[in-house]
Every structure is written in structure tokens, then in C-alpha cells.
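Visitor: Hey, got a minute to go through the charged pairs with me? Let's pull up the model first.

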Amino acid sequence: MSGSGSMNIFDIAGRAMSAQLVRLNTTASNMANAGNVTGSAEEAYRAIKPVFTSVTDSPGVSTVKVSDVVTTKAEPTKRHDPNHPLADANGDVWEAAVDSNAELVDMIETARMYQNNVQVLNTAKSLMLETIRIGK
């Protein structure tokens, strides 16, 4: 099937699942760094996001790939905490530029999309097995 060079249902769903896995990994990285503080705005963690690109094999046959992972332009939150060990001379620290609520929504959406592609693979497999069974 995949020897011809064109994408089949397994290639399409597999690539989509790989892209969603990258998305889930970036979300996990963002969640792991949410709430981290540093002594300057430049050092503060900024959320990362994957950039998806459509990959078209022929009309009606396309999937997705991750073309890049970029750092968002969100600015870290400045907080006055003179007792924090990382506080600067003014007593300020900068909290990571991560919206935990948005990341949780992203994580749920990613898991659902991944599961949808698992279902596509399971359906394709079942249909192929049924076709083989009918052919016997």
C-alpha cells in the first residue's frame, strides 16, 4: 500500500497522531513551567506552540505535519516579592508567560484529536479485515 509513494489512511492518521503528540509535548512543557519565576523578564519562560502545515498528496488526500515550534510573544507577569531569593534590586520577580487554563483546554483538545485518529485507524483496520473475510 505505502510502496507506491502516495499516502494511505494509515499514513494520514499516523502523521496526524505524530503532530498531536508534538502538540501534547509542548503543552506539557508549558504546564511544567507555569508558575516558575525568574529575576528578569528576559529569563522568564514563555509558552511554546507547534506550527502545523498541511501536507497534500493529491486532491482530497492530505494530512498535517509540524513545521516548527515557536515561542509565543506573551510577556511574563511582573510581581513584587522582595522576599523571593530571585528578586531583583527593586524586589520584583517575573512569572512565566503561561496561561494554565488555556494550556489545559489545549491538552483536552489534543487528547480528543489524537483519540479521533486512533478511531480512524481502528475503523480502517476493521473495514479491511471485514473486506478480507467477505472475499474468502
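Guide: Sure. Keep in mind that this is a predicted model. Let's start with arginine 79, which makes a salt bridge to glutamate 95, with 2.7 Å between the closest N and O atoms.

Visitor: Where do arginine 79 and glutamate 95 lie?

Guide: Arginine 79 is in strand E4 and glutamate 95 is in strand E5 (residues 92-95), so the bridge ties together parts 16 residues apart in sequence.

Visitor: And how exposed is each one, arginine 79 and glutamate 95?

Guide: Arginine 79 is partly exposed at 31% relative accessible area, and glutamate 95 also counts as partly exposed, at 26%.

Visitor: OK, switching topic. How many salt bridges turn up in the whole structure?

Guide: The search finds 9. One of them joins arginine 23 and glutamate 109, whose closest N and O atoms are 2.6 Å apart. Arginine 23 sits in helix H1 (residues 9-33) and glutamate 109 in helix H2 (residues 100-135), so this pair links parts 86 residues apart in sequence.

Visitor: Is arginine 23 buried or exposed?

Guide: Buried, at 8% relative accessibility. Its partner glutamate 109 is partly exposed, at 36%.

Visitor: Which residues are linked with Arg23 and Glu109 in a network?

Guide: Lys49, Glu103 and Asp106 join those two in a network of salt bridges.

Visitor: Anything out in the loops?

Guide: Yes, arginine 46 and glutamate 75 meet in a salt bridge at 3.6 Å, N to O. Arginine 46 is in the loop between strands E1 and E2, and glutamate 75 in the loop between strands E3 and E4, so parts 29 residues apart in sequence are tied together. Glutamate 75 is exposed, at 57%.

Terms used. Residues numbered from 1 in each chain as written. Predicted model: local features only at pLDDT ≥ 70, side-chain atom pairs only at ≥ 80, totals over all residues. Heavy atoms only, no water. Salt bridge = Lys/Arg side-chain N within 4 Å of Asp/Glu carboxyl O. Helix = DSSP H or I, 4+ residues; strand = E, 2+ residues; numbered from the N terminus. Buried < 20%, exposed > 50% of the residue type's maximum accessible area, 1.4 Å probe, protein only.
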